[in-house]
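Reader: Hello! I would like a close look at one part of this protein, please.

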Amino acid sequence: LGGGPALWGVLISLLATLVALFFVYRIAEDLYDTPAARAATLALAFFPTAFFLNAVYTEALFLALFAGAFWAARVRRNLLLAGLLGAFAAATRNLAVILLVPLLFEWLRYRREFGLKGLAGIALIPAGLLAYVAFLWGRFGDPLVSARQQDEYWGRELANPLTTLKRAWETARDGARYLLDPELLFLSTSPVPALDASNTLNFAFLVVFLVLLAVGLAVLPPGLWLYTFCIVLLPVLTPAPSFPLMSLPRFVLGAFPVFLVLGYLLSRSRPVLVLWLLLSASTGVALTALFTTWRWVA
C-alpha cells in the first residue's frame with residue numbers, strides 16, 4: 001500500500017485517538033454520569049495540545065492503550081485484557097509501568113472477584129517494557145539508548161522539584177513578552193520567540209493540571225489519582241536546562257484522568273462548558289498554527 005510512513009503514522013494516530021476518546025467516555029460514564037462523560041470527551045478532543053494526537057507521535061497510541069487498560073479493569077472487570085493492553089502501552093512509552101498503581105488498587109478493591117489470576121494479568125505490564133528494552137539491545141547494542149538520548153541530547157536529569165518550579169517561573173516570566181506580541185511570535189524567522197513563549201505556556205498548563213489534580217483528590221479513585229500525580233510530576237523531576245517544563249503539555253495528554261476531572265466540573269454548567277471549549281479550541285488553533293509552521297510548541 002502506498003502513502004509512505006508519515007501518512008500511515010497520521011492514520012494510526014487518528015484511529016488511536018478515536019479509540020482513546022471511546023475509552024475515556026466509558027470510564028467517565030462509569031465513574032460519574034453521561035453528561036460528565038460527554039464533557040470529558042469534548043474537553044480532551046478540543047484540548048489546546050490535542051493536535052499532537054493527530055501527528056506522528058506516540059501520544060495517541062499511548063493514550064488509547066493506557067485508557068483502554070484501565071477501562072478493561074474498571075468497566076469490563078478483565079485484568080488479563082488490562083494487562084495485555086498495559087504491556088503494549090509499556091512498549092510504547094516506558095512510564096506506562098505506572099499503570100501498575102491504579103490496576104493494583106482495582107485488584108485490591110475487588111480481590112475476591114479477581115483472585116490470583118488478576119495479579120497474573122497485571123504482571124504482564126512490565127513485559128512490554130522488557131520487550132522494548134530487548135529490541136533496543138539487539139538493534140543498537142544498548143538497552144538504555146532511549147533514556148541516554150534524553151540526557152545527552154536534551155540535557156534532562158533528576159532535579160529538586162522546587163528548583164525546577166522556581167526556574168520554570170523565571171523562564172515563564174521572561175517568555176511572556178512574546179505571547180503579548182503575536183506578530184513577532186508568528187512571523188519571526190528566529191526560533192527564539194516560540195521557544196521562549198513555550199516556557200510561559202508550559203508553566204500555565206502546569207498550573208491548570210495542578211488545580212485539576214487537587215480537585216481530583218475528591219472525585220478520582222485513589223489509584224487513578226496517584227497515577228495522574230506521577231505523570232504530572234515526572235516532567236518536574238526531569239527538567240531540561242533552558243526549558244524546565246519542556247513538552248509537559250504534550251506528555252500530560254497521557255494523564256487522561258485530568259480530563260475526567262475536567263469533564264466532571266464542566267458538566268455542571270452548560271454555559272461554562274461551551275465557554276471552556278471555545279477558549280480551549282481557540283488556543284488550540286493558535287498552537288496548531290505555530291506547530292504546522294515549524295515553530296516549537298511543546
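Which helices each supply at least two residues of the lining of the second largest pocket?

Author: Happy to help! This is a predicted model, in which local features need pLDDT of at least 70 and side-chain atom pairs count only at pLDDT 80 or more, while totals for chains, interfaces and linings use all residues. Residues are numbered from 1 along each chain as its sequence is written, and side-chain values use heavy atoms, with hydrogens and water left out.

To your question: helix H11 (192-219) and H15 each supply at least two residues of that lining. Helices here are DSSP runs (H or I, at least four residues), numbered from the N terminus. A pocket is an open set of points on a 1 Å grid over the protein atoms alone, where a 1.4 Å probe fits, with protein on both sides within 12 Å along at least five of seven lines; lining residues have an atom within 4 Å of a point.

The second largest pocket has a volume of about 190 Å³, meaning the space filled by probe spheres set on the points, which are joined across faces, edges and corners. Among its lining residues are Phe 47, Pro 48, Leu 201, Phe 205, Trp 276 and Thr 283. By type, the lining divides into 8 nonpolar, 2 polar and no charged residues. Nonpolar covers Ala, Val, Leu, Ile, Met, Phe, Trp, Tyr, Cys and Pro; charged covers Asp, Glu, Lys and Arg; the others, Gly among them, are polar.

Following H15 (270-292) along the chain, you reach Trp 294 in the segment after this helix. Trp 294 has a positive phi of about 65° although it is not a glycine.
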